[in-house]
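Work through the exercises below with the sequence and the coordinates side by side, trying each task before reading its solution.

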Amino acid sequence: EERAIERGILPLLRRATLVQTFGQRNHVCMQEGSITIPPYANPQKMQAHLISPGTPRSIFAYFRGLFYDMGNDPEGGYYARGARASVWENFKDNPLFDMSSEHPSTYYEDMQRAIFCLCPLGWAPWSPRLVEAVVFGCIPVIIADDIVLPFADAIPWEQISVFVAEAD
């Protein structure tokens, strides 16, 4: 991506309307008129993991995913601009936070038992995790500065999510 930006955007693409999953505001590919859509989250798979709506939400904050990407970031500081590492370091011992880099078979059920689902950026500011959280009624905690959310003109993200600055 960085090399492509250095070479310049093709004139044809400068006039294109992009349909893309949500991303970073002011990114070179985000032009006026681009259509931002959510990433794909398999509805049949989520439907197969529904639990009773009366199940108590016994998990305060939930997250499954990488905190450090040592394979692509050996020093462990640039991945997610340090936001995920900071979440891990500050909350790993807090009993209210159910966090792990393991991805259990109960992932979707656990999201339905959680009040808040952490949605920090990774290499990109988005992932299907945000869509999954909304589907399962878990309040997304979006930790991604300048994120462009899907269907922002129709979905009141400020009312259904919590936004936390990456630095915080």
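Buried means under 20% relative accessible area, exposed means over 50%, and partly exposed covers what lies in between. The model is a predicted one, and the exercises treat it as such.

**Exercise 1. Apply the burial cut-offs to helix α6, and then to the chain as a whole: which residues of α6 are buried, and what percentage of the chain do buried residues make up?**

Begin with the helix, where R129, L130, V131, E132 and A133 are buried. Next, look just past the end of the helix, because helices here are taken as DSSP runs of at least four residues: α6 is followed by G137, whose phi is positive, near 75°. Finally, widen the view to the 168 residues in the chain, of which buried residues make up 36%.

**Exercise 2. Describe the order of the secondary structure and how many helices and strands there are.**

The count gives 7 helices and 7 strands. Reading along the sequence, one meets the elements in the pattern α-α-β-β-α-β-α-β-α-β-α-β-α-β. To see how far the contacts reach along this chain, take those with a separation of 6 or more: residues 24 or more positions apart account for 57% of them.

**Exercise 3. Find the residues at the heart of the nonpolar packing: which members of the largest nonpolar core touch the most other members?**

The largest nonpolar core has 20 residues, and those touching the most other members are M99, L118, L130, I142 and L149. Trace these back to the secondary structure, and the elements that give two or more residues to this core turn out to be β3 (59-64), α4 (83-91), β4 (97-100), β5 and β6 (139-143). Of the contributors, β6 gives the most, with 3 residues.

Now take one member and list its partners, leaving aside neighbours within four places in sequence: L118 is in contact with A61, Y62, F63, V87, F97, M99, R129 and V141. Apart from the largest core lies another core, of 13 residues, among them M46, Y62, M111 and C138.

**Exercise 4. Classify two aromatic pairs by their geometry and decide what each pair ties together, given that planes under 30 degrees apart count as stacked, over 60 as edge-to-face and the rest as tilted.**

The structure holds 10 aromatic pairs. In the pair of Y62 and Y107 the distance is 6.1 Å centre to centre and the angle between the planes is 45°, which makes the pair tilted. Because Y62 lies in strand β3 and Y107 in helix α5 (residues 107-113), this pair ties together parts that are 45 residues apart in sequence. Both partners fall under the burial cut-off, with Y62 at 2% relative accessibility and Y107 at a relative accessible area of 5%.

Repeat the steps for F67 and W88, whose ring centres are 4.7 Å apart and whose planes stand at 40°, so this pair is tilted. F67 lies in the loop between β3 and α4, while W88 lies in helix α4, and the pair therefore ties together parts that are 21 residues apart in sequence. Here F67 counts as buried at 7% relative accessibility, whereas W88, with a relative accessible area of 25%, is partly exposed. As a last step, note that F60, F91, F97 and F116 form one aromatic cluster.

**Exercise 5. Locate the empty space: what is the volume of the largest cavity, and what is that of the second largest pocket?**

Rolling a probe the size of a water molecule over the atoms shows where empty space is left. For cavities of 30 Å³ or more the count comes to 1, and about 50 Å³ of space lies in the largest cavity. Of the 10 residues that line the largest cavity, C119, P125, W126, S127 and L130 are the closest to its centre. Two or more residues of this lining come from each of β5 (114-120) and α6 (128-135), and by type the lining divides into 8 nonpolar, 1 polar and 1 charged.

Turn then to the second largest pocket, which holds about 250 Å³ of space. Its lining has 16 residues, and the closest to its centre are V87, F91, I143, V164 and D168. The largest share of this lining, 5 residues, comes from α4, and the lining divides into 12 nonpolar, 2 polar and 2 charged residues.

Note on methods. Residues are numbered from 1 along each chain as its sequence is written. This is a predicted model: local features need pLDDT of at least 70, side-chain atom pairs count only at pLDDT 80 or more; totals for chains, interfaces and linings use all residues. Side-chain values use heavy atoms; hydrogens and water are left out. On a 1 Å grid over the protein atoms alone, a cavity is a set of points where a 1.4 Å probe fits but cannot get out, and a pocket is an open set with protein on both sides within 12 Å along at least five of seven lines; lining residues have an atom within 4 Å of a point. Grid points are joined across faces, edges and corners, and a volume is the space filled by probe spheres set on the points. Ala, Val, Leu, Ile, Met, Phe, Trp, Tyr, Cys and Pro count as nonpolar, Asp, Glu, Lys and Arg as charged, and the others, Gly among them, as polar. A nonpolar core is a set of buried Ala, Val, Leu, Ile, Met, Phe, Trp, Tyr and Cys residues joined through side-chain atoms within 4.5 Å. Buried means under 20% relative accessible area, exposed over 50%, partly exposed in between (1.4 Å probe, protein chains only). Contact means heavy atoms within 4.5 Å. Rings of Phe, Tyr and Trp (its six-membered ring) pair if their centres lie within 6.5 Å; planes under 30 degrees apart count as stacked, over 60 as edge-to-face and the rest as tilted.
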